[in-house]
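Student: I'd like a close look at one part of this protein, and then a walk outward from there. Could you take me through it in one go?

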Amino acid sequence: MVSAILLVGIVVAVFVGFNIGGSSTGIAWGPAVGAGVIGKTSAAALMSIFVFIGGWTVGRNVIDTMGGDIVPAEVFTLQASIVVLFFIGLGMLLANLFGVPVPTSMTAVGAIAGLGLATETLDMVVMGRIVSWWVVTPIIAFWIGGIVGRYVYPHLDRYFEIRQSEGPLLTLERSGLVPTPAMGPGTTGKELTTTILIVVIACYMAFGAGASNVANAVAPLVGSGALDVGGYDGTDLGIAIGALAISLGGFTIARRTMEAVGNDLTELPLLAALIVAVTAASITTFLSAIGIPISLVMATVMTIVGLGWGRASRTASIAGLARGEDTLELSTNVLTQETPDVPKIGQEEPDDVLEADDLVRPDAVARFVAFWIIGPSASAGLAYGFFLFVPL
């Protein structure tokens, strides 16, 4: 018989997973949706499948870290687990209401750290290892994007230009007895191949999101042992619950965050979306495999920002920037412009590129970063205050 308090815990875990789905689906599929490659409903369906696969495989390592390494497993009583999950969900809900993808791993670890501080059981070595990766990850993502944008992207754009045609990508050929898929009236082989590749990479991002974020929804319950019921392994049952809840969020509140990532931060063409997806998914999957709760939000957003900075900085030489002779124009949306002849570093871009809209929108970046700080801080502070005065 499942106790009433365990049912409450499961409901709270679903609430957390629901909000995780709203945030991480936007991050995984925002670039592809913003580039017009796939619709929101299709993105949510694929997200559901690969989140489960990621959680079932690599995600077990992150569950172990969050369910018993940051604080001892015995600290996670069922009551304490419910409170921790509640504060995780509250922090993410605030960000989702504003359409900003919050770093779910940071929010979850913040709430667990609040419990550890209040009970004086926080493992500072484990926390130091996790936080060090939080500091390094956005730097790595930014500089990968920056280097690609400054030195590689213009040449990729020149020799591997990807144009999106008007009309449907695929159509159904009905001349025979059985309808068969065929390329749309303006679709090229390169466009079709690249579109498929972007969807594959987005699925890879969804896998990485599941590897990291399923743990955020269920690790406290798994750590408490409350899900070891009815002969089921608690980790397996927790992964199923977390993946289902994330899927629900992907089909509902994720629509706003997909728009925020795909359209508010920058206008992403297909090539840029592909670079962002590969970089963010690789960073997230690697760190999840070694048991680090890491945010797909950071890697994705900072890769986008790095691409914009790197591409805009081509008009300035490193020596000129150091001497203050060159200035950096961030109001050049060169990723969306054709560049038939790639200028050398330090040379001016073509006039039509310089007159384009903003590549990186500072107000959107500031809004994202603010909620990266507010969400985890709120969950940690609320959890610490609660457990300090209401020990469970």
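Student: Let's start with Ala380: is it buried, partly exposed or exposed?

Tutor: Keep in mind that this is a predicted model. Ala380 has a relative accessible area of 24%, so it counts as partly exposed; the cut-off for buried is under 20%. You'll find Ala380 in helix 14, which runs over residues 362-389. In the UniProt record, an unreviewed entry, the "transmembrane region" annotation includes a stretch at residues 369-390.

Now look at what sits around Ala380. Not counting residues up to four places away in sequence, Ala380 touches Gly110, Ala111 and Gly114. Those three belong to a stretch far off along the chain, and Met106 makes the point: its C-alpha atom is 9.5 Å from that of Ala380, although the two positions lie 274 residues apart in sequence terms. That kind of long-range link shows up in the whole protein too: among contacts between residues at least 6 apart in sequence, 82% join residues at least 24 apart.

Follow Ala111 and you get to Ile88. Leaving aside neighbours within four places in sequence, Ile88 is in contact with Val16, Thr107, Ala108, Ala111 and Asn216. Ile88 is also one of the residues with the most contacts inside the largest nonpolar core, a set of 88 residues; Trp29, Met66, Ile70, Met205 and Phe387 are the others named for that. Helix 7 (residues 189-224) gives the most to this core, with 15 residues. The UniProt record marks a "transmembrane region" at residues 196-217, among others, and over that span the chain is 100% helix and 0% strand, with its end C-alpha atoms 31 Å apart.

Asn216 deserves a stop of its own. It is in helix 7, and it counts as buried because its relative accessible area is 0%. The Asn216 side chain makes a polar contact with the side chain of Asn213, at 2.8 Å. Beyond its neighbours within four places in sequence, Asn216 is in contact with Val16, Ile20, Met66, Leu85, Ile88, Thr104, Ser105 and Ala108. So you can see Val16 and Ala108 listed as contacts of Ile88 and of Asn216.

Let's go back to Phe387, since it takes us to the rings. Phe86, Phe87, Phe386 and Phe387 form one aromatic cluster. A search of the whole structure finds eight aromatic pairs. In one of them, Phe86 and Phe87 have ring centres 5.6 Å apart and planes at 65 degrees, so this pair is edge-to-face. The two rings' residues fare differently at the surface: Phe86 is partly exposed at 42% relative accessibility, whereas Phe87 is buried at 9%. Phe142 and Trp143 are edge-to-face as well, because their planes sit at 85 degrees, with the centres 5.3 Å apart. Phe142 counts as buried at 17%, while Trp143 is partly exposed at 43%. For another aromatic feature, check Trp56: Arg60 lies over its face, at 4.7 Å from the ring centre.

Phe142 and Trp143 fall within residues 131-153, another span that the UniProt record lists as "transmembrane region". That span is 100% helix and 0% strand, and its end C-alpha atoms lie 31 Å apart. From there you can hop to Thr303, which sits in helix 11 (residues 296-312). Setting aside neighbours within four places in sequence, Thr303 is in contact with Ala141, Gly145, Ile275, Val276 and Thr279. Thr303 is buried, since its relative accessibility is 0%, and its side chain reaches the backbone oxygen of Ala299 at 2.5 Å.

For contrast, try Glu120. It's in the loop between helix 5 (104-119) and helix 6 (124-159), and at 75% relative accessible area it is exposed. Glu120 also has a positive phi of about 55 degrees, although it is not a glycine.

Finally, zoom out. The protein has 14 helices and two strands, and 54% of its 392 residues count as buried.

Key. Residues numbered from 1 in each chain as written. Predicted model: local features only at pLDDT ≥ 70, side-chain atom pairs only at ≥ 80, totals over all residues. Heavy atoms only, no water. Helix = DSSP H or I, 4+ residues; strand = E, 2+ residues; numbered from the N terminus. Buried < 20%, exposed > 50% of the residue type's maximum accessible area, 1.4 Å probe, protein only. Polar contact = N/O pair within 3.5 Å; in protein donor to acceptor, adjacent residues only side chain to side chain. Contact = heavy atoms within 4.5 Å. Phe/Tyr/Trp six-rings, centres within 6.5 Å; stacked < 30°, edge-to-face > 60°. Lys NZ or Arg CZ within 6 Å of the ring centre and 35° of its normal. Core = buried A, V, L, I, M, F, W, Y, C linked by side-chain atoms within 4.5 Å. UniProt positions renumbered as here; feature names shortened; annotations may be inferred.
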